[in-house]
Amino acid sequence: MTALMIVVMGNGTAQSLLSGSGTKSDPYVISSEYGLIEFSLLVNRGDYDAWAIMTSDIDMDGTTLSTIAPSSSTTPELEGVSAFTGHFDGQGHEIKNLRLEKDDANTTMGLFGTVSGTVRRVGIAGISYTSDTSGGCYGGLVGALLKGGTVSQCYVREPSFSTATATRGFLVGANFGGTIADCYAYSDGGQTNCMVGINTTQDGTPVNGTMQNCYCSKTLVGNATYTGSVTESEGGLSKVKFTSGYVTWKLNKGVTDGTQAWYQTLTNVYSNDFPMMDKQKSTVYERVFCDSHKEGYTNDPSHTAHATTQFVPAD
């Protein structure tokens, strides 16, 4: 399927806001808020198996987006719903100030409503929406992640949802048998208090969702009855754990050779500098004070912290 949205420029020429054909070899290329809007339109008109990449950060301030691949099913964990089955790679870029259109006809909302494909390497800094539909699945990145679906190397910061009674999570509303790996979610408060609302299917034979190497400022899984499989992950983390380099170090599993996904320039624990997938930021190393042996994190690759090293304690 080819791009649909055409804009007439000031010189009278027509220009598509989304290049590519949506295949693995020729993915849609998203470089602006209008390209993201066009991608949403294409998927929601039936291009559910599309491949897409982002080539820049996108600020959605002043615009609204329709949820990509929402579902109106009351049991979205079941097969047959209109899910995104394609491959979305943010390539480490961030979507800021995302506001979704109010949608009371569907029961899954987020950047993506329902996913059985792949969403990776994308961050969301600020997302807001409202819904009056009860019983839905609402997340910052994905509303409902289905069996076979994957979310990896993603983050959501400061989501703001106002919904009726529903399953909610900062990152994913409900993980119905999918895989979430190497992700984090942070919020100071709000209506939602967990990274993932539930982490297993609720109907029929349970299919556990998987969470691995994930970190959150609140509870990892909201519903203690449906926790699924959670490994190498931590919830209830203070802001200092995110700004000190601790979470970056954990996400990278100690890798510092330039092949790691996460970077962070450390200034002090009271900064607002969070883990990013931006190589213009700095590599985070784990260090120990020589006198107290207290662990901490630094951007200095030397093995011993000293007076001239910018060193941020973990606590």
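Two residues are in contact when they have heavy atoms within 4.5 Å. Keep that in mind as you work through these exercises on a predicted model.

**Exercise 1.** Find which residues leucine 141 touches, leaving out those up to four places away in sequence.

*Solution.* Start with the part of the chain around position 110: Gly110, Leu111 and Phe112 are among the partners of leucine 141. Next come Val119, Val122 and Ile124. Then add Val151, Cys154 and Val156, and finish with Phe170 and Leu171.

**Exercise 2.** Place Leu141 within the nonpolar cores of the chain.

*Solution.* The largest nonpolar core has 51 residues, and Leu141 is one of those that touch the most other members. Phe39, Phe88, Phe112, Val151, Ile180 and Met195 share that role. Now look for a second core: it's separate, has 17 residues, and includes Leu237, Phe242, Leu251 and Leu266.

**Exercise 3.** Is tyrosine 226 buried, partly exposed or exposed?

*Solution.* First, locate it: tyrosine 226 sits in the loop between strand S19 (219-221) and strand S20 (229-231). Next, recall the cut-offs: buried is under 20% relative accessible area, and exposed is over 50%. Tyrosine 226 has 24%, so it counts as partly exposed. Finally, check the C-alpha atom of isoleucine 198: it lies 5.4 Å from that of tyrosine 226, though the two residues are 28 apart along the chain.

**Exercise 4.** Describe the whole chain in a few numbers.

*Solution.* Begin with the elements: you'll find 3 helices and 23 strands. Then turn to burial: 52% of the 315 residues count as buried. Last, take the contacts between residues at least 6 apart in sequence: 66% of them join residues at least 24 apart.

Note on methods: Residues numbered from 1 in each chain as written. Predicted model: local features only at pLDDT ≥ 70, side-chain atom pairs only at ≥ 80, totals over all residues. Heavy atoms only, no water. Helix = DSSP H or I, 4+ residues; strand = E, 2+ residues; numbered from the N terminus. Buried < 20%, exposed > 50% of the residue type's maximum accessible area, 1.4 Å probe, protein only. Core = buried A, V, L, I, M, F, W, Y, C linked by side-chain atoms within 4.5 Å.
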